[in-house]
Amino acid sequence: MRIGILTSGGDCPGLNAVIRGAVLKGTTAYDLEFVGIRDGWRGALDGDFFPLTRHQVKGLSKVGGTILGTSRTNPYEGPRGGAENLGRTLAQHDIDGMIVIGGEGTLAGANRLRADGLNVLGVPKTIDNDLRATDYSFGFDTAVNIATEAMDRLRTTGDSHRRCMVAEVMGRNVGWIALHAGMAAGAHAILIPEVPMSMDEIVALVESAHDRGRAPLVVVSEGFTLTGMETAYSDKGLDAFNRPRLGGIGEVLAPQIEARTGIETRSTVLGHIQRGGSPSGFDRVLATRLGLAAVDAIVEGHWGQMVALRGTDIVRVPFADALGELNTVPRHRYDEAAALFG
Ligand code: F6P
């Protein structure tokens, strides 16, 4: 069997470890052949393929980004788009099926292609950890580690000046990175998309920390909304999926905190630093196991499913389980963290 592999959507640390896991086991245990598909669905539609051998995945588990490249292309759009065209392109290159590594948008496309008769096997990825079908997605742990380290640094400079430091992290719809990194770094307030808050409440937490002689640390997800805001803050237009590009809420909050409290306040946006560089040990292991499980699933004929983490086991779940509802932060997890605020 000849299998194509693509990575689609925003990159995240661990993508290369999935590719390596799949190619190593697929070639040695099952005699599969692999082709790399360049830049996500864009390469699949254009027939932009290259041989992916065991040699090419050597040492890849520690390497960030994706050797395949990625894009936010919709497989149903454009003159070469659609299941029929794509099926023809794959057949011309003797490709029997694809391993598709992506987030919600990518898996929705994969689900539709499967329904239209193509052989697709999914591997979930997102640093936001917003997919319900998997307990954790690889990339998340690395992002939390990077954000935690950054906040530790913000705290030492904040402490020196007795300033309030606002740290903005990624998290379009869910606040997992903010919750975990904020808790790890001892934040005095964590602001997430699931729990809108008023300026009065934020100011009270900042003042309480400051009154105890601390330099307040406020962690905010990019998707957080102040009470009364209808949508998340965005001043950068739309992305390729026509969603508002987020980022900047930290800069909105900082001057308001300073004006209301009189405490000098600085804001830092961590942005894409959270997605770059080497994956953590946890993410390397999770991503590698998903790659191994993906080829097992293919050999056993489980097209139309994705591999996912449940507890400590890798399981197979239908695409539909990954779609629709997001893996939001449950209220009890937020309240647990909130006991440490202020
Ligand atoms: O979905 C993952 C994510 O990192 C979000 O947290 C963020 O809003 C978005 O991707 C940024 O996307 P881009 O790389 O296109 O700016």
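## Strand S1 and its partner

Strand S1 and strand S2 (residues 33-37) run parallel and are joined by four bridges. In this pairing, Ile5 has Gly36 of S2 as its bridge partner. The model described here is a predicted one, and the values below are to be read with that in mind.

Of the six residues that make up S1 (residues 2-7), five are buried, so this strand is largely enclosed by the rest of the structure.

## Aromatic pairs

The structure contains three aromatic pairs. One of them is formed by Tyr136 and Phe282, whose rings meet edge-to-face with 6.3 Å from centre to centre and 85° between the planes. Because Tyr136 belongs to the loop between strand S5 (120-124) and helix H5 (140-161), while Phe282 belongs to helix H9 (residues 281-299), the pair ties together parts that are 146 residues apart in sequence. Tyr136 counts as partly exposed, at 33% relative accessibility, and Phe282 is likewise partly exposed, with a relative accessible area of 41%.

Another edge-to-face pair consists of Tyr334 and Phe341, with 5.7 Å between the ring centres and an angle of 75° between the planes. Here Tyr334 is buried, its relative accessible area being 3%, and Phe341 also counts as buried, at 15% relative accessibility; both assignments follow because buried means under 20% relative accessible area.

## A ring cluster and a charge over a ring

Tyr136 and Phe282 also appear in a wider arrangement, in which ring pairs link Tyr136, Phe140 and Phe282 into a cluster. Elsewhere among the aromatic residues, the face of Tyr76 has Arg112 lying over it, at 3.6 Å from the ring centre.

## Surroundings of the ligand

The residues around the ligand are Arg72, Ile127, Asp128, Met170, Gly171, Arg172, Glu222, His272 and Arg275. Among them, Arg72 places a polar side-chain atom 2.8 Å from an oxygen atom of the ligand, and Glu222 has an N or O atom in its side chain that is 2.6 Å from a ligand oxygen atom. For Gly171, the contact involves the backbone, with a polar backbone atom 3.5 Å from an oxygen atom of the ligand.

Taken alone, the ligand exposes 400 Å², and the protein buries 80% of that area.

Terms used: Residues numbered from 1 in each chain as written. Predicted model: local features only at pLDDT ≥ 70, side-chain atom pairs only at ≥ 80, totals over all residues. Heavy atoms only, no water. Phe/Tyr/Trp six-rings, centres within 6.5 Å; stacked < 30°, edge-to-face > 60°. Helix = DSSP H or I, 4+ residues; strand = E, 2+ residues; numbered from the N terminus. Buried < 20%, exposed > 50% of the residue type's maximum accessible area, 1.4 Å probe, protein only. Lys NZ or Arg CZ within 6 Å of the ring centre and 35° of its normal. Near = heavy atom within 4 Å. Polar contact = N/O pair within 3.5 Å; in protein donor to acceptor, adjacent residues only side chain to side chain. Areas by Shrake-Rupley, 256 points an atom, 1.4 Å probe, with all protein chains shown as cover. Pairing = 2+ DSSP bridges.
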